[in-house]
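Trainee: Please take me through one part of this model in detail, and then show me what surrounds it.

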Amino acid sequence: MNEEKLLQHLNSLEDRFEEVRLLITDPSVIADDKRFIRLSKEYRRLEELHEAHKRYITLCETRKEAQEVLHSSEDEELKALAKEELTQIEEALPERQRAIALLLLPDDPEDAKNAIVEIRAGTGGDEAALFARDLFKMYSRYCEGRKWRVEISSFTEGSLGGYKEIIFTVSGESVYGILKYESGVHRVQRVPETETQGRVHTSAATVAVLPEADEFDVEIKESDIRVDTYCSSGAGGQSVNTTYSAVRLVHIPTGIMVQCQDQKSQIKNKAKALIELRSRIYNQEHQKYIDEVASRRKTMVSTGDRSAKIRTYNFPQGRLTDHRIGLTLYNLSSIMDGEIGPVLEALAMAENSERLSEASLL
């Protein structure tokens, strides 16, 4: 998109920005929860574009002033300063245009949501369960660094430790939009703790990241849910195996089943299980959108395809390789300690570049 078209597009959004700014103060809109939430989200996006537009206009005006000085002034020192400023502006403009183009891309409404993450041990037996544990620790430390809250819903331990399966919710700002790239098969190459001859084994774990559905997204009839209660297992204090605090919910129309056992209160476990159930029902429709994205994209960065091998963790070489974008890093120990941010940022950049190209915004 050239500069003239970009400015035309930004100018056209200013009217909508003013319209939405008035609407969110209208009492009738405030009384309509769904509409108010939708318009509030649109306002935040338009406000960001409005501010970016102002900064871009200022930069263009400063460029014009520098050009005028360069062509009309007879003061050589002033002309040298104008030339230097003009060079800096010309270097800054493409990046500013790219930033605005990214803001102009349609929002994925799911990106702002919390996320439900499932990690399941795959091929590799006990070693796969230990790797699933290590992945959970990696994500937990990353979330801790971002001040996100992690709450375990349920887990099944492996015979030698680790997790055959662990499901947890991550709450915070734009969690799903950042963690969605983690869905897929994660492969590990290392000497297992149980290996006596020092041979490297290959194991795998699958990760699935689902957007947590809001109450407005899915309405579930109480009559469509079967509720089972049972004793908790694993960590949980004195109430474990003594009270029927764990809850299993089955959505009869779809057959979807969820369970929660991490709270001592049956009521709290049911409330958390209901959130997960709503999210899984919602995710059935969301998966159609993800599949559509996958059919168009080259790198398939955020397809959510659980059968695709997306990453290899090679411990003998201290190497992590993300196969979708050909990224290789040799700081595996730091990554496993929660420093996975650079990988997620590289994936986001790759997807954004595809989206910009697809939308012909650059």
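**Strand 5 and its surroundings**

Mentor: Start with strand 4 (residues 184–190) and strand 5, which pair in the antiparallel sense over seven bridges. Strands here are DSSP runs of E with at least two residues, helices are runs of H or I with at least four, and both are numbered from the N terminus. Two strands count as paired if DSSP finds at least two bridges between them. Keep in mind that this is a predicted model: local features need pLDDT of at least 70, side-chain atom pairs count only at pLDDT 80 or more, and totals for chains, interfaces and linings use all residues. Residues are numbered from 1 along each chain as its sequence is written, and side-chain values use heavy atoms, with hydrogens and water left out.

Now look along strand 5. On the strand 4 side, His186 has Ala205 as its bridge partner. Strand 1 (residues 115–121) also joins strand 5, through seven bridges and antiparallel. There, Arg120 is bridged to Thr206. How enclosed is strand 5 (residues 201–211)? Eight of its eleven residues are buried, so the rest of the structure largely encloses it. Buried means under 20% relative accessible area, exposed means over 50%, and partly exposed lies in between (1.4 Å probe, protein chains only).

Next, the packing. Leu135 touches Ile119, His186, Ala205, Val207 and Tyr313, leaving out residues up to four places away in sequence. Contact means heavy atoms within 4.5 Å. So Leu135 meets both His186 and Ala205, the two residues bridged between strands 4 and 5. In the largest nonpolar core, which has 36 residues, Ile119, Leu135, Leu179 and Tyr313 touch the most other members. Such a core is a set of buried Ala, Val, Leu, Ile, Met, Phe, Trp, Tyr and Cys residues joined through side-chain atoms within 4.5 Å. Two or more residues of this core come from each of strand 1, helix 5 (126–145), strand 3 (163–171), helix 6 (175–179), strand 5, helix 8 (332–336) and helix 9. Helix 5 gives the most, with eight residues. A second, separate core has 21 residues, including Phe17, Ile24, Val29 and Leu93. In soluble globular proteins, nonpolar side chains tend to be buried together.

Compare strand 10 (residues 319–322). Arg319 and Thr321 lie on one side, Leu320 and Asp322 on the other, and all are buried, so both faces are covered. In a regular strand the side chains alternate between the two faces of the sheet. Strand 9 (residues 309–314) joins strand 10 antiparallel, by four bridges. Asn314 is bridged to Arg319. Four residues separate strands 9 and 10 in their hairpin, where Gly318 takes a positive phi near 60°. On the next pairing, strand 10 and strand 11 (residues 327–329) are antiparallel over three bridges. Here Leu320 has Leu329 as its bridge partner. This hairpin also has four residues between its strands, and Gly326 in the turn has a positive phi of about 65°.

Then there is an open sheet of three strands, ordered 6-7-8 with antiparallel pairing. Strand 6 (225–230) and strand 8 (256–260) are the edges; each has a single partner strand, so one side of each is left without a neighbour in the sheet. Neighbouring strands of this sheet are turned by 15° against each other on average, direction ignored; axes are lines fitted to C-alpha atoms, for helices over the stretch in contact, and angles run from 0 to 180 degrees between N-to-C directions. Six bridges join strand 6 to strand 7 (residues 246–251). One of the bridged pairs is Arg226 with Val250. His251 also lies in strand 7. His251 counts as buried, at 8% relative accessibility. Beyond four places in sequence, His251 touches Ile220, Asp224, Ile256, Leu277 and Ile281.

One site in helix 9 (residues 341–359) deserves a look: Asn352. Asn352 is partly exposed, at 22% relative accessibility. Its C-alpha atom is separated by 7.2 Å from that of Leu102, 250 residues apart along the chain. Neighbours within four places aside, Asn352 contacts Leu102 and Leu105.

Last, the whole chain. There are nine helices and eleven strands. Of the 362 residues, 43% are buried. Among contacts with a separation of 6 or more, 63% involve residues 24 or more positions apart.
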